[in-house]
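Got your viewer open? Let's take a short walk, one selection at a time.

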Amino acid sequence: MHNIQTLLTDLGVPSAAYNAAYNATDNATQNGLAVHSPIDGSRLGVVHAASAEDMRAAVGHAQTAFLAWRQVPAPRRGELVRLFGAELRRHKASLARLVAIEAGKVSSEGEGEVQEMIDICDFAVGLSRQLHGLTIASERPGHRMMEQWLPLGVVGIISAFNFPVAVWAWNATLALVCGNSCVWKPSEKTPLTALATQALFERALLQFDGAPAHLSQVLNGAAPVGEAMVDDHRVALISATGSTRMGRAVGPRVAARFGRCLLELGGNNAIIVSPSADLELAVRGILFGAYGTAGQRCTTTRRVIIHTSIHAELLARLERARASLCIGNPLEMGTLIGPLIDQAAFDAMQTALEAARAQGGEVSGGGRALAQQYPGAWYAEPALVRMPAQTDVVKQETFAPILYALPYDTLEEAIALHNDVPQGLSSAIFTNDLREAEIFISAVGSDCGIANVNIGTSGAEIGGAFGGEKETGGGRESGSDAWRAYMRRATNTINYSRSLPLAQGVKFDI
């Protein structure tokens, strides 16, 4: 129905990795993962499901690859990533359409996700010539002290369904130019996009002379496959994107073996709208932030905190706009809101809305949409919930298009409300007051890893480090100096004198 086989052939996925002819009435066997499209619930096929033993073998291969790859000069490693970026450019349309079909994103968002992969490739290529350390003044005469950043080892990547390829690229491109090998455990809900990405990477490898085998591997499978990677002491870094619940399971297990973790977990992102705000601008930022990707982004706007003087007016504008948003097949022109990933996501949305009503909320929208047209899919009306206070349900992240609206009187009150949630990923304020803007991004303002002024919470450019605080996990990916997470630091001191002075003036005469 979705021309999956044509897309996968164009992207170079080997037929052995995917079975389009799998009986649509059967369930997945113990060796296969059934793949469905959230657009209409149709069965797309089955992919091979790896085992925990397969993962352990893959990590062994990755360790061997690392030992060779770390000796390749960094600019040369960057050349491989450049070739991969070129493959992405050539096949952007096909991969974007596959993302839309498998993850349910509207077409422009699928294209934007692949463009993000291309952008991080460009960033990583430049970075491959800038993996610099420091020269540090030594207190000892005739000595030079310096700091180096060296390849770390095997990097394990666990990704989520909502950004099935971009998050892998954030990690893998940087890890590769830093001299590491990669093993990828994608979401069980989006295995085809992972296979396609791996196939494009292997096309780049064919054009590159000098890369070891098994430099990048993808293993689809259920939770035990990821657990095997998390527990393997040969995996130097686990970069895991997903729920806070997942992070609570992964973090202690990696810490128990003294491995490194880079966690990108939940977000409960808020926008403060001040009396001086440009309301037209604010409405646009809030709507995309809250309802884009059907509310299934970690940077989705979950809360809007509105000054009492403009509370009624802004809510009226949001309600009119919310009710007019086009819900439908994400592959069709004009669609703004696609489906939720599955029934479990829809059920979680309904549970949250029921709790909001019980806690004093007034709910607009939120029901099931297009049930007759797509009985096997789970489309939902965006919900706007007027809350009297920031109750328990407001403090929880629900991965769905729900926007909670709260009033405030003073900026201090708004910031306190904003920060009074367990998560700390993305945040924004709409204001034309310079003092309010500066306060919001200062030490007494937003406690999030991302704080914006006059743009929304959703979406981020690859040039900045991406990540958050508190239950968001504290990790940083993508731009700025996030590359350091994929390397180890070594401090070196070279004595070019003919004596051996000790640090701190210690005397040890023999």
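Which residues of helix 12 are buried? Keep in mind that this is a predicted model, then select residues 343-358, the span of helix 12. The buried ones are Ala345, Phe346, Met349, Ala352, Leu353 and Ala356. Look down the axis: these residues cover an arc of only 125 degrees, which puts them on the same side of helix 12. The general rule is handy here: an α-helix has 3.6 residues a turn, so residues three or four places apart point the same way.

Now roll the view around. On the other side of helix 12 you'll find Ala344, Thr351, Glu354 and Ala358, which are exposed. While the whole element is on screen, check its length: its 16 residues reach 23 Å from the first C-alpha to the last, close to the 22 Å expected at 1.5 Å a residue.

What do the buried residues of helix 12 pack against? Add some strands to your selection: strand 13 (362-365), strand 14 (368-369), strand 15 (379-380), strand 16 (383-386) and strand 17 (402-408).

Next, visit the two ends. At the N-terminal end, pick Asp342, which caps helix 12 with a side-chain oxygen 3.3 Å from the backbone nitrogen of Ala344. Just after helix 12, click on Gly360 and read off its phi, which is positive at about 95 degrees.

Step back into the loop between helix 11 (311-324) and helix 12, where Thr335 is found. Is Thr335 buried or exposed? Thr335 is buried, with a relative accessible area of 9%. Its side chain reaches the backbone oxygen of Asn329 at 2.9 Å. Show the surroundings of Thr335 and you'll see that Val106, Cys326 and Ile327 are among the residues it touches.

Now for a histidine. Select His143 in strand 5 (residues 143-151). His143 is buried too, at a relative accessible area of 11%. A polar atom of the His143 side chain lies 2.9 Å from the backbone oxygen of Pro141. Turn on contacts for His143 and you'll pick up residues including Ser138, Thr493, Tyr496 and Pro501.

Last stop: Asp122, in helix 5 (residues 107-127). Asp122 is partly exposed, with a relative accessible area of 41%. Which side chain does Asp122 join through a polar contact of 2.9 Å? That partner is Arg89. Before you close the session, try a distance label between Asp122 and Phe84: they sit 38 residues apart in sequence and 10.0 Å apart in space, C-alpha to C-alpha.

Conventions:
Residues numbered from 1 in each chain as written. Predicted model: local features only at pLDDT ≥ 70, side-chain atom pairs only at ≥ 80, totals over all residues. Heavy atoms only, no water. Helix = DSSP H or I, 4+ residues; strand = E, 2+ residues; numbered from the N terminus. Expected span 1.5 Å × (residues − 1). Buried < 20%, exposed > 50% of the residue type's maximum accessible area, 1.4 Å probe, protein only. Arc of directions from axis to C-beta. Contact = heavy atoms within 4.5 Å. Polar contact = N/O pair within 3.5 Å; in protein donor to acceptor, adjacent residues only side chain to side chain.
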